[in-house]
Amino acid sequence: MPYLTEPEFRHDQPRRLGILLINLGTPAAPTAAAVRPYLKQFLSDPRVVEIPRLAWWFILNGIILNTRPKQSAAKYASIWTRDGSPLAIYTRQQAKLLQGYMGDAGQQVMVEWAMRYGQPSVADKLMALKAAGCDRVLAVPLYPQYAASSSGSAMDALADAIKALRNPPELRIVKQFHDSPAYIDTLARRVQSHWAQQGRGDHLVMSFHGIPRFSLDKGDPYHCQCHKTARLLAEQLGLNKDQYTVAFQSRFGRTEWLKPYTSEVLQQLGKRKTGKLDVICPGFVADCLETLEEIAIEGKETFLTAGGGQYRYIAALNAEPDWIIALARILAPHLGGWLEHQEDQQATTARLSLARALGAKH
Ligand SMILES: C=CC1=C(C)c2cc3[nH]c(cc4nc(cc5[nH]c(cc1n2)c(C)c5CCC(=O)O)C(CCC(=O)O)=C4C)c(C)c3C=C
Ligand SMILES: [Fe+2]
Ligand SMILES: [Fe+2]
């Protein structure tokens with residue numbers, strides 16, 4: 001592989017620490033023309049679709065890319081905002097707020113964001129961090145639960161970006177935070193404040209993005225991690241097993257995916273005449289197509305049509321300040337030893353304020 005022309009670390013430049021938030025990616029516009037290349041890149045990733053390459057090439061290019069872009073674009077259009085795709089907006093805001101939260105230490109730390117598919121790419125942002133003098137980078141795939149198809153694929157993108165550099169920064173990756181107390185606390189506070197405003201619901205559905213069932217059989221920890229997040233959240237909320245249901249959404253293709261399927265659970269709860277139903281998606285830290293369209297819009301219709309009472313989707317953590325503080329607490333343990341690099345006086349002050357910021361309690 002040819003080496004890219006890369007900016008070199010300069011002696012007159014302060015050494016900084018980079019934090020790179022990575023999310024999945026989203027099309028540039030809610031049109032079939034923009035959705036097509038996005039889906040092509042996404043669905044060509046062997047981490048995402050694990051069937052023999054040649055057969056898949058024909059299915060993808062012959063069928064899927066001729067039908068799905070138009071259908072998906074219509075769904076994207078229903079959630080698109082004046083500022084663009086919600087997933088990109090929230091991810092950008094999260095990076096900006098985390099940078100702001102660093103305060104004085106911000107001069108030593110640079111927070112950036114990237115997308116696994118589409119723009120801005122992981123390779124471009126890793127290069128930007130290097131150009132800014134970051135000789136250490138902590139990468140954070142923004143998926144609480146590790147799945148090979150999401151976090152594993154973000155790791156691939158980082159590895160590819162490193163592969164193209166002659167002198168890359170040191171790299172650490174936050175693999176998962178599904179059971180981090182900071183994460184669980186923030187989710188629990190979100191449900192409690194929803195209850196405080198709208199009254200306690202009769203049942204809580206925790207809906208996670210699905211993956212093919214065979215991934216679980218092959219050892220993917222995702223399913224177990226989703227159940228652990230759900231159990232910890234339920235414990236924190238004081239819910240017993242009859243008061244909540246874990247379900248999996250966004251099934252793709254004809255193979256079996258993790259069960260129970262969210263749509264079937266919502267239908268059953270509707271048929272059972274559930275009064276107030278709360279729905280949360282603890283596998284997404286930012287609202288996106290899968291939460292806003294599939295859960296908040298389609299899910300509501302499924303539940304109400306089946307006979308349910310009130311349907312209340314609880315928004316993702318998005319760019320709320322308490323989530324940004326929780327994120328800093330999640331990252332802090334991964335920086336061990338790294339802040340010691342800086343030797344001059346100014347850097348020491350920065351290190352102290354960074355440590356204080358990262359260790360802050362809310
Ligand atoms: C939460 C983590 C995610 C996992 C695990 C995941 C696995 C996975 N996804 C697909 C197929 C699609 N997913 C799509 C959208 C989408 N997926 C995630 C997250 C995970 N996916 C997010 C955050 C989003 C939303 C993106 C946005 O722009 O808002 C889509 C695209 C939309 C569509 O056409 O339906 C597809 C396709 C597979 C096959 C898979 C695991 C094998
Ligand atoms: Fe997905
Ligand atoms: Fe979906």
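## A buried glutamate in helix H10

In this predicted model, Glu 290 counts as buried because it has 21 C-beta neighbours inside 10 Å, where 20 or more are needed for a residue to be called buried. Glu 290 lies in helix H10, which spans residues 289-305. When its neighbours within four places in sequence are left aside, Glu 290 is in contact with His 209, Gln 249, Ser 250 and Phe 284.

## The annotated pair

The UniProt annotation "binding site", which comes from an unreviewed entry, covers His 209 and Glu 290. Although these positions are spread over 82 residues of sequence, they cluster in space, with a largest C-alpha distance of 7.9 Å.

His 209 lies in strand E5, and it is buried, with 27 other C-beta atoms within 10 Å. Its contacts, again without the neighbours that lie within four places in sequence, are Gln 249, Ser 250, Gly 283 and Glu 290. Gln 249 and Ser 250 therefore appear among the contacts of His 209 and also among those of Glu 290.

## The sheet that carries His 209

Strands of a sheet pair through backbone hydrogen bonds, either parallel or antiparallel. Here, an open sheet of four strands has the order E6-E5-E7-E8, and its pairing is parallel. Strand E6 (244-249) and strand E8 (310-313) are the edge strands, each of them pairing on one side only, and from one strand to the next the twist averages 25°.

Strand E5, made up of residues 203-209, pairs in the parallel sense with strand E7, residues 276-280, over four bridges. Within this pairing, His 203 has Leu 277 of E7 as its bridge partner.

Two helices lie across strands of this sheet. Helix H8 (residues 222-237) lies across E5 and E6 and runs at about 150° to E6, whereas helix H9 (residues 262-271) lies across E5, E6 and E7, running at about 140° to E6.

## The chain as a whole

The secondary structure of the chain comes to twelve helices and eight strands. Its radius of gyration is 21 Å, close to the 21 Å that the globule rule gives for 362 residues, so the chain is as compact as a globular protein of that length. Taken along the principal axes, the C-alpha atoms fill a box of roughly 70 × 50 × 40 Å.

Of the 362 residues, 42% count as buried. Among contacts with a separation of 6 or more, 81% are accounted for by residues 24 or more positions apart.

Key: Residues are numbered from 1 along each chain as its sequence is written. Chains are lettered from A and ligands numbered from 1 in the order in which they are written. This is a predicted model: local features need pLDDT of at least 70, side-chain atom pairs count only at pLDDT 80 or more; totals for chains, interfaces and linings use all residues. Two strands pair if DSSP finds at least two bridges between them. Axes are lines fitted to C-alpha atoms, for helices over the stretch in contact, and angles run from 0 to 180 degrees between N-to-C directions. Two residues are in contact if their C-beta atoms, placed from the backbone, lie within 7 Å. UniProt positions are given in the numbering used here, feature names are shortened, and annotations may be inferred rather than shown by experiment. A residue is buried if 20 or more other C-beta atoms lie within 10 Å of its own, exposed if 12 or fewer, and partly exposed in between; C-beta atoms are placed from the backbone. The radius of gyration is taken over C-alpha atoms; the globule rule is 2.2 Å times the number of residues to the power 0.38.
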